[in-house]
Amino acid sequence: MKIFRGLRHPEIAPACALTVGNFDGVHLGHQAMLALLRAAAARHGVPSCVLTFEPHPRDWFASAFNQPERAPARISTLRDKLTALAACGVEQVVILPFNERQAGQSAEAFIDDVLRRALGVRHVLIGDDFRFGARRAGDAAMLEAAGRQHGFEVARMDSHEVHGLRVSSTAVREALAAGDMARAAALLGRPYSISGHVVHGRRLGRALAESAPGRGDGFRTLNLRFSRRTAAWRPAAGGIFVARIHGLGNVPLPGVANLGIRPSLDAHDINGGRVLLEVHALRWPAALGAEGAYAKIIRVDLLHKLHDELRYHSLAALAAGISRDCAAAREWHARHAAP
């Protein structure tokens, strides 16, 4: 899959079958839409293309109007969204930076400048609630009229349902906020996961060894920190989870994970109060050694929520809490192990 930031790139295909959206989570509804897009692209003999935005438009408006509560919790990072789009067979993704200019672009200019001139659309696939342009003035009827005038197809896809429930990014966010990981997985078509590079943390896991009898190695953790450019990124899920870790060997590893801001620690520590995903592997691969996981890209499935983040007032209390979480995660994995 080819990825382009912005429209001014000589390798962008001169024609395409296109869909436009944020695609947060790339859930089953998105996947059904992308299957239709691939079929239309094959029929026209052009590549399939997704046009998406970064930051999320609602993030930009929340910042522009100093109303952080308007920013949606995010299901996926940009990395994970692009990985999921590639898995769906998308051939080309164009990421438009959402800024003041983009927010003020009229619907007519979006059709002429972006869809026709920059992307050469032959087919545009939209959802049943698609709106575009400044003040969301553009709608399906306007796009269909432009298609008739300029010679490109416009197709609409109705909402996708699972067990009678409409699949949407909002529904996935609600499931994750409620800690219902099974419902989130049913809507996504896969376990909810986050991926990233393993980075160095405070090495607190080693310090906890002295506070955890019988834990000579402490609680070695894999840390996934989000870049400072996404410091305001707020995940739709949060808390302590039973986890499964991919990327450290031939088989996934059972683990327990903390997704949040670590309320027991100083907000001015190395994490700086930003969201961090910390994962402890319940079985550490001996071949990795103590340092072998750093800089590797791993994917962490969050399978079951144990509880929200808790504030502990001493290292001993934190170590005891982690021990309880590890025991609960081992029990969950044992109950759900494949026969």
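A nonpolar core, for today, is a set of buried Ala, Val, Leu, Ile, Met, Phe, Trp, Tyr and Cys residues joined through side-chain atoms within 4.5 Å. Keep that in mind, everyone, and keep in mind too that we are looking at a predicted model.

So, which residues touch the most other members of the largest nonpolar core? They are Leu 176, Tyr 192 and Leu 302, in a core of 36 residues. Several elements give two or more residues to this core: the helices α7 (169-177) and α8 (181-188), and the strands β10 (222-225), β11 (239-246), β12 (253-260), β13 (276-281) and β14 (297-307). If you click on Leu 302 and set aside residues up to four places away in sequence, you will find it touching Met 181, Tyr 192, Phe 241, Val 242, Ala 243, Ala 257 and Leu 259. There is also a second, separate core, with 27 residues, including Leu 18, Phe 53, Leu 119 and Val 121. As a general point, nonpolar side chains in soluble globular proteins tend to be buried together.

Let me stay with two buried residues for a moment. His 333 is part of helix α10, which covers residues 315-335. Is His 333 buried or exposed? Its relative accessibility is 17%, and because the buried class is anything under 20%, His 333 counts as buried. Beyond its neighbours within four places in sequence, His 333 contacts Val 242, Ala 243, Pro 254, Gly 255, Leu 282 and Leu 303.

The other one is Leu 248, in the loop between β11 and β12. Leu 248 sits in a loop, yet is buried, at 8% relative accessible area. Its contacts, again without the neighbours within four places, are Leu 222, Leu 253, Pro 285, Leu 288, Ala 293, Lys 296 and Ile 298. Take Pro 285 from that list: 37 residues separate it from Leu 248 along the chain, while their C-alpha atoms are 7.7 Å apart.

Now please turn to the largest pocket, which holds about 1,300 Å³ of space. Of its 43 lining residues, Gly 21, Asn 22, Asp 129, Arg 131 and Arg 136 are the closest to the centre. At least two lining residues come from each of β2 (16-20), α1 (28-44), α2 (57-64), α4 (100-104), β5 (121-127) and α7. What is the lining made of, by class? It has 16 nonpolar, 16 polar and eleven charged residues.

Arg 136 deserves a second look for its backbone. This arginine is in the loop between β5 and α6, and its phi is positive, near 55°, though it is not a glycine. Arg 135, in the loop between β5 and α6 (140-150), also has a positive phi, about 60°. Arg 135 is exposed, with a relative accessibility of 81%.

One more backbone feature: the peptide bond from Glu 54 to Pro 55 is cis, with omega near 0°. Pro 55 belongs to the loop between β3 (48-54) and α2.

Last, the cysteines. How many disulfides does a search of the whole structure find? Zero. Why does Cys 49 not form one? The closest cysteine sulfur, in Cys 16, is 4.4 Å from the sulfur of Cys 49, and a disulfide needs the pair within 2.5 Å, so the two are too far apart for a bond. Cys 49 is buried, at 0% relative accessibility, and Cys 326 is buried too, at 1%.

Thanks, and I'm happy to go back to any of these spots.

Methods: Residues are numbered from 1 along each chain as its sequence is written. This is a predicted model: local features need pLDDT of at least 70, side-chain atom pairs count only at pLDDT 80 or more; totals for chains, interfaces and linings use all residues. Side-chain values use heavy atoms; hydrogens and water are left out. Buried means under 20% relative accessible area, exposed over 50%, partly exposed in between (1.4 Å probe, protein chains only). Helices (H or I, at least four residues) and strands (E, at least two) are DSSP runs, numbered from the N terminus. Contact means heavy atoms within 4.5 Å. On a 1 Å grid over the protein atoms alone, a cavity is a set of points where a 1.4 Å probe fits but cannot get out, and a pocket is an open set with protein on both sides within 12 Å along at least five of seven lines; lining residues have an atom within 4 Å of a point. Grid points are joined across faces, edges and corners, and a volume is the space filled by probe spheres set on the points. Ala, Val, Leu, Ile, Met, Phe, Trp, Tyr, Cys and Pro count as nonpolar, Asp, Glu, Lys and Arg as charged, and the others, Gly among them, as polar.
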